Amino acid sequence: MQHQKCKNLYGLMIIILFTIGAGGCASTSANQVNEEGLQVENTFVFTDNTDEELVSTTITGIVNSMDGNEVTLAIGNKGGMMGGTPPDSKGSPSSIETPDSTTSSQNKTGVLTIGDESVLSKDGKSASLSDITEGSMISITFDEDGKITEIIISKGVGIGGMGNEQSNDEVSYDAVKEYTEDTTVDGESFSSTGTDENAILVSNGAKVVLNDITLDRSSSDSTGGDNSSFYGVGAGLLATKGSTYVKGGTFNTDAAGGTGIFSYGEGVTYVADADIHTKQNTSGAIHAAGGGTLYAWNLNAVTEGESSAAIRSDRGGGKMVVDGGTYTSNGVGSPAVYCTADIAVNNATLTANGSEAICMEGLNSIHLYDCSITGKMQDLEQNDTTWTMIVYQSMSGDSEVGNSTMQLVGGNITSENGGFLYTTNTECNILMSDVDIDYADDSEFFLQCTGNTNDRGWGEAGANGSDCIFTADDQDMEGNVIWDSISDLDFYMKNGSKLTGAFVDDETWAGNGGDGYCNVYINSDSTWTVTANSTVTNLYNEGTIVDKDGNTVTILGSDGTVYVKGNSEYTITVSSYGTSADFSGASNADSYSDYVVSRPAELN
């Protein structure tokens, strides 16, 4: 597709030169200087004749080098970070845990002058120029008048393959108990009260079996943040290298960053029949990052804090397979599952009481089999809409940019607020098969596949749509499908699928528009029940299209051609119409047998 949203997600890197003033006076005017001759208001100007207006947006980049108060920053695209989101908070886009498009084929340069360091922050605290180092990520937020209101500094990632370039070489761990040799522990208790320490650390390739242990971690001074999210600093149990087997037991944490059980890097964790309860922010129940692996059976997991998904992954991804159990998150911005890894969940109860149920982004996959899922996201002013599941790209660096895969097979989903499924600023392949859906009373859509103007800058507004292949396989659906011209949507209905709703071309988030499309494919035993006038690009129909009263719906070409003359009050407007449909582009459901792992003998 050739339109404003560039299809090359690994676009050209853009280098921006920052010049940072050291004055600490309050901002006044753009040209005012202090007694030392330093400018005292924060300003940014492009120096390469770029005419882009920086208003109500955020730009984000990585510091390549520093020379005094001059900082060289590399900025990526939808495969990088132009218009990206500050990466200092993790979890879900519904609040603080978060998800751009190439704007030009030419490099951009610019100069930022900081005269007021009061707008600098790092890890949620005030910062200064000395906090900016090579490799730092810097996000600059502009208000509606183009004034710089915030500059966030955080640990950076590499440009391009953003999800897999971080290392914990500079991270150190303090642990109450570190296991470096093969060990079996029965019924012991572990207590941790230190700042950002782990209660148990498994390293050095050890095989550790923990039977019915009790782990309590409590610290009011712990910081949480990136080191906790990315590397497991402060987690109750952390495995960085080796195999850990957890059978039964209880894990309770009351500390920021106090994840219950965390697998990082070469750590592989097997856990069954345990109870996990975390109370503070940035504290998932089970968590994989940096390539870690975690397998779980029949856990009872509850989280209370923000950015604390019950099943959580983060930068560098990994693998998680969850079989059975109950997973509940209660905090804002804490979905039941936050996916920046390859995750499969079978026959589990997944509940998010203050967030969307499922959040995924980037070049990752989530497969949900026969799960009972509930989401209750809050209506937040910073968002364009409210949803129960989201597939997107935040550009926070939490995941490598690429095509997301989401499959839901069997089970049920309850939406307690807002629309159902939302995708923006990404590429994705979504399949739903035989899932029972209970929609919220205020649901505005079944699927929304559009750009966005989210306050956190998920891509460049007007060029941040979604390219989505959606497959309904024996799936009943209710609600509108909303799309726009900066998105590509291929919507397949097969094996007796039914949609009751309309296809709506809504250009609210499309800026100046593009040449995107919405193609609809309906096989011979599937039915679209039309509830309002609809617009699609190409309609390929082997099945049934009627209104709720069974009347035939008129299908009218945008050039005036009448393809089907109906007696319904509704009309479908198309660019083209055909009575045969090619389903070679549709998805097929994967089997849980492709992911299932046998419970090891150590857990029997």
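**Figure 1. Surroundings of Asp-484 in the predicted model.** Apart from neighbours within four places in sequence, Asp-484 is in contact with Cys-449, Thr-450, Gly-451, Asp-505, Asp-506, Glu-507, Trp-509 and Ala-510. Asp-484 belongs to the loop that runs between β39 (481–483) and β40 (488–494). Its side chain makes a polar contact with the side chain of Ser-487, at 2.8 Å. The relative accessible area of Asp-484 is 0%, and Asp-484 is therefore counted as buried, the cut-off being under 20%.

**Figure 2. The whole protein, for orientation.** The close-ups are taken from a protein of 604 residues, of which 60% are buried. Its secondary structure consists of one helix and 51 strands. About 20900 Å² of the protein is exposed, and 40% of this area is supplied by carbon and sulfur atoms.

**Figure 3. An open sheet of four strands.** The strands follow one another in the order β45-β50-β48-β49, and their pairing is mixed. The edges of the sheet are β45 (534–535) and β49 (562–564); each has a single partner strand, so one side of each is without a neighbour in the sheet. In general, the strands of a sheet pair through backbone hydrogen bonds, either parallel or antiparallel.

**Figure 4. The pairing of β48 with β49.** This view shows one pair of strands from the sheet in the previous figure. Strand β48 covers residues 554–557 and pairs with β49 in the antiparallel sense, over two bridges. Leu-556 stands opposite Val-562 of β49.

**Figure 5. The loop that holds Asn-425.** Asn-425 is located between β33 (421–424) and β34 (426–433). Its phi is near 55°, a positive value in a residue other than glycine. Most residues other than glycine have a negative phi. With a relative accessible area of 0%, Asn-425 is buried.

**Figure 6. The loop that holds Asp-212.** The strands on either side of this loop are β14 (206–211) and β15 (214–219). Asp-212 is not a glycine, yet it has a positive phi, of about 50°.

Conventions
Residues numbered from 1 in each chain as written. Predicted model: local features only at pLDDT ≥ 70, side-chain atom pairs only at ≥ 80, totals over all residues. Heavy atoms only, no water. Pairing = 2+ DSSP bridges. Buried < 20%, exposed > 50% of the residue type's maximum accessible area, 1.4 Å probe, protein only. Polar contact = N/O pair within 3.5 Å; in protein donor to acceptor, adjacent residues only side chain to side chain. Contact = heavy atoms within 4.5 Å. Areas by Shrake-Rupley, 256 points an atom, 1.4 Å probe, with all protein chains shown as cover.
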